[in-house]
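User: I would like to learn how to read the contacts that hold a protein model together, taking one kind of feature at a time. Could you begin with the charged side chains?

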Amino acid sequence: MKKLFLTIFILLSLSTIANARECKSGHVNGDAFIYSDGKKVKVIKGTKIPDPANKIIMIFNKGGWIVKEGQYSGECKNHIPKNLGKISGTKIKGKELVLMLNGRLHKAGGADGHKCGWKFKGAFHQPWYDCLMKDWGIPKRADVNKELINELVSKGTPRNQIFMSGLSCGGIDTLRHKGLHPDDFNATIAFMPNCWDRRPGTPLRKMQIDELKSFKKIDALVFHSPVDGEGDWRSNSIWMKKDLGNIPGIQWIDTPGHTGKDIVVNGKKCGIKDKMKGGWEEAWPEGKEKLTSEKKFIKIDKKLYKEMKKKGAGHQLVSYSCFDYYHPEIIKFIESKI
């Protein structure tokens, strides 16, 4: 009898791989399950996967203030599918972990600030923020996530075996979803969560931080960097842990800072191509009501600014192979929740 069950289990596993097609070039569009060996990426399009009751699905939400319709959910040969997709196929308590790209975030709509900037012939002042907030898409993503989660549940994957993850704005929206609707899915894995603009004291940051701090608990594993490098004001791990470090349920993992111009993880150079866009203190130029460019902000320490902008940014670290070192932490976290 045991041999029979083993044979059935092997056949089911082979069936999953057989249903996956190799992604040879271009982009991954729409919802898709991802498998990767670090060289080849295989994809199962849609939300139907063999033996769904024995799958642990980790949904990934991409970043950005807005995801436009038709915009790809992942790049076939690089970044998230190629690297984070390596966790797929991992067995956790007899069930198979699979990475899934959320391909429907465009339904949340949203704004990127450009339209409001043109309207006021400038930005970063209160009328610009008021205009932007009328079409702010991040709060609407919870409904989009719910739709995808409910679809997976209806096809046979237990809700407790579904995890939400995301990078940048995708990390923020999955954290707030877990805080608002804790029973929708198991837990969150957030990568470098931040989702605002670079103005010192920006109300967008305060709004998001205050909301996250209002939740009684957020079951989450959060990866962050002391050299995040995005332009978002005070978005690195030092400030994020200072503001969110006391929220019950959040486990923090700090990734390394710079070694020279690069980031080194467990002795392996990451080869970061993305350079620092922020991380130095800036000030609002005196006498200005609004600004027409982010470049108008005053760098407090110009020498530090010149040094830092030549160095690799940690914001996209999860997209690089050096981040493989942390995959066991993700798996351990998921195992602790199942």
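Analyst: In general, side chains of opposite charge can pair when their charged atoms come close. In this predicted model, the structure holds 22 salt bridges.

User: Which residue forms a salt bridge with R104, and where in the chain do the two partners lie?

Analyst: The partner of R104 is E151, and the closest N and O atoms of the two are 3.2 Å apart. Because E151 belongs to helix 5 (residues 141-154) while R104 sits in the loop between strand 8 (95-101) and helix 3, the salt bridge ties together parts that are 47 residues apart in sequence. R104 has a relative accessibility of 7% and therefore counts as buried, whereas E151, with a relative accessible area of 25%, is partly exposed. This pair also belongs to a wider arrangement, since D31, R104, K107, E147, E151 and K155 are linked in a network of salt bridges.

User: Which residues meet D219 in salt bridges?

Analyst: D219 meets the side chain of K217 in a salt bridge at 3.6 Å, N to O, and it meets K337 in another, also given as 3.6 Å, N to O. K337 lies in helix 10 and D219 in the loop between helix 7 and strand 11 (220-224), so the salt bridge between K337 and D219 ties together parts that are 118 residues apart in sequence. To read the surroundings, compare the accessibilities with the cut-off of 20%, under which a residue is called buried: D219, at 18%, counts as buried, while K217, at 47%, counts as partly exposed, and K337, at 25%, likewise counts as partly exposed.

User: Now for the cysteines: how many disulfides are there, and how should the handedness of each be read?

Analyst: The count comes to 3 disulfides, and the handedness is read from the torsion about the S-S bond. C116 is joined to C131 with an S to S distance of 2.1 Å, and the torsion of this pair is about -80°, so the disulfide is left-handed. It links distant parts of the chain, with C116 in helix 3 (residues 114-120) and C131 in helix 4 (residues 126-133), 15 residues apart.

A disulfide also joins C169 to C195, with an S to S distance of 2.0 Å; here the torsion is about 90°, so the disulfide is right-handed. Both C169 and C195 are buried.

Finally, C270 and C322 form a disulfide with their sulfur atoms 2.1 Å apart, and because its torsion is about 100°, this disulfide is right-handed. C270 lies in the loop between strand 15 (268-269) and strand 16 (282-283), and C322 in the loop between helix 9 (302-308) and helix 10, so the pair ties together parts that are 52 residues apart in sequence.

User: Are C270 and C322 buried or exposed?

Analyst: C270 counts as buried at 9% relative accessibility, and C322 is buried as well, with a relative accessible area of 3%.

User: Which residues touch the most other members of the largest nonpolar core?

Analyst: Of the 44 residues in that core, M58, L84, I189, F191, F223, L317 and I334 touch the most other members. Helix 10 (residues 327-337) gives the most to this core, with 4 residues. Leaving aside neighbours within four places in sequence, L317 is in contact with M192, T255, I263, V265, C270, I272, C322 and F323, a list that includes both cysteines of the disulfide between C270 and C322. A second, separate core of 31 residues includes W65, A123, Y129 and M240.

Notes:
Residues numbered from 1 in each chain as written. Predicted model: local features only at pLDDT ≥ 70, side-chain atom pairs only at ≥ 80, totals over all residues. Heavy atoms only, no water. Core = buried A, V, L, I, M, F, W, Y, C linked by side-chain atoms within 4.5 Å. Buried < 20%, exposed > 50% of the residue type's maximum accessible area, 1.4 Å probe, protein only. Helix = DSSP H or I, 4+ residues; strand = E, 2+ residues; numbered from the N terminus. Contact = heavy atoms within 4.5 Å. Disulfide = S-S within 2.5 Å. Salt bridge = Lys/Arg side-chain N within 4 Å of Asp/Glu carboxyl O.
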